[in-house]
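Visitor: I should like to learn how to read the features of a protein model. May we work through one together?

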Amino acid sequence: MRFIKNRVFRFAGLGIALAMSASLALAGQGTFTLPVEAHLGNVTLTPGDYRIITPEAVGGVNVVYVYGNGKLQATLPLGVGARPEPDRSYLELVDVGGNYFVRKYNAGVAGRAYTFDIPKKFRHEAVANIRVTSVPVHGGDVN
């Protein structure tokens with residue numbers, strides 16, 4: 001019985017891995033240089049060079065992957081919608097009292113805009129004292 005359970009879990013894991021591989025193969029990609037420490041969803045990014053990957057949603061779940069400084073990190077966007085600027089990819093950073101948050105990722109030719117939440121304790125201040133900066137994302141979108 002134990003052998004059968006392990007086998008079932010292995011096949012399920014293999015299926016998930018294949019789905020993820022196919023999803024990543026269809027992923028939109030780009031690179032950017034982050035000049036400051038910033039929060040992207042639940043991920044904290046230090047200054048440096050990054051690759052951002054936005055695979056097709058699997059099971060209705062959108063995930064944004066960011067690779068940089070030797071780490072691959074994933075976060076879930078708050079929302080995904082159509083993007084009004086088809087020829088431009090960028091991250092929209094919001095400065096809230098010296099803390100930077102990625103509020104939006106406009107994904108170039110992928111045709112999507114990913115929005116991210118600002119933590120509750122910063123939201124009130126963000127509305128009152130907001131400074132917005134754009135960080136360009138270069139090349140590689142394939143969606």
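Guide: We shall go from the overall fold to particular side chains. Please keep in mind that this is a predicted model.

Visitor: Which secondary structure elements does the chain hold, and in what order do they run?

Guide: One reads a fold by listing its helices and strands from the N terminus. Here the chain has two helices and 11 strands. Their order is α-β-β-β-β-β-β-β-β-β-β-α-β.

Visitor: How much of the chain is buried?

Guide: Of the 143 residues in the chain, 36% are buried. The accessible surface comes to about 8300 Å², and 59% of that surface belongs to carbon and sulfur atoms. One may also ask how far apart in sequence the contacting residues are. Among contacts between residues at least 6 apart in sequence, 55% join residues at least 24 apart.

Visitor: How should I read a nonpolar core, and which residues have the most contacts inside the largest one?

Guide: The general idea is that, in soluble globular proteins, nonpolar side chains tend to be buried together. In this model the largest nonpolar core has 21 residues, and those with the most contacts inside it are F32, L45, I52, V66, L91 and Y105.

Visitor: Which strands supply this core?

Guide: At least two residues each come from β1, β2 (38-40), β3 (43-45), β4, β5 (64-68), β8 (90-96) and β9 (99-107). The largest share, four residues, is that of β9. There is also a second, separate core of five residues, which includes V96, F101, I118 and F122.

Visitor: What does F32 touch, apart from its neighbours within four places in sequence?

Guide: The contacts of F32 beyond those neighbours are L45, G48, D49, Y50, I52, V66, L91, V135, P136 and V137. F32 has a relative accessible area of 2%, and buried means under 20%, so F32 is buried.

Visitor: How many aromatic pairs are there, and how does one judge their geometry?

Guide: One looks at two values, the distance between ring centres and the angle between ring planes; planes under 30 degrees apart count as stacked. A search of the whole structure finds two aromatic pairs. In one of them, the ring centres of F32 and Y50 are 5.4 Å apart and the planes are at 15°, so this pair is stacked. F32 belongs to strand β1 (residues 28-34) and Y50 to strand β4 (residues 48-54), so the pair ties together parts 18 residues apart in sequence. Y50 is buried, with a relative accessible area of 4%.

Visitor: What is the geometry of the pair formed by Y105 and Y114?

Guide: Y105 and Y114 are stacked as well, at 5.8 Å centre to centre and with 15° between the planes. Y105 is buried at a relative accessible area of 0%, and Y114 likewise counts as buried at 0%.

Visitor: Where does the charged end of R88 sit?

Guide: A ring may also have a charged group over it. The charged end of R88 sits over the ring of Y90, 4.3 Å from the ring centre.

Visitor: How many salt bridges does the structure hold, and are their residues buried or exposed?

Guide: To read a salt bridge, one finds the two charged side chains and then asks where each lies. The structure holds two salt bridges. The side chains of R112 and E56 meet at 2.9 Å, N to O. R112 lies in strand β10 (residues 112-115) and E56 in the loop between β4 and β5, so the pair ties together parts 56 residues apart in sequence. R112 counts as buried at 15% relative accessibility, whereas E56 is partly exposed at 33%.

The side chains of E92 and R103 also meet in a salt bridge, at 2.7 Å, N to O. E92 is in strand β8 and R103 in strand β9, 11 residues apart. E92 counts as buried at 14% relative accessibility, while R103 is partly exposed at 29%.

Visitor: What is notable about the backbone of N69?

Guide: One reads the backbone through angles such as phi. N69 has a positive phi of about 50°, although N69 is not a glycine. This residue, N69, lies in the loop between β5 and β6 (71-75) and counts as partly exposed at 47% relative accessibility.

Key:
Residues are numbered from 1 along each chain as its sequence is written. This is a predicted model: local features need pLDDT of at least 70, side-chain atom pairs count only at pLDDT 80 or more; totals for chains, interfaces and linings use all residues. Side-chain values use heavy atoms; hydrogens and water are left out. Rings of Phe, Tyr and Trp (its six-membered ring) pair if their centres lie within 6.5 Å; planes under 30 degrees apart count as stacked, over 60 as edge-to-face and the rest as tilted. Buried means under 20% relative accessible area, exposed over 50%, partly exposed in between (1.4 Å probe, protein chains only). A charge sits over a ring if NZ of Lys or CZ of Arg is within 6 Å of the ring centre and within 35 degrees of the ring normal. A nonpolar core is a set of buried Ala, Val, Leu, Ile, Met, Phe, Trp, Tyr and Cys residues joined through side-chain atoms within 4.5 Å. Contact means heavy atoms within 4.5 Å. A salt bridge is a side-chain nitrogen of Lys or Arg within 4 Å of a carboxyl oxygen of Asp or Glu. Accessible areas come from the Shrake-Rupley method with a 1.4 Å probe; for residues, only the protein chains shown count as cover.
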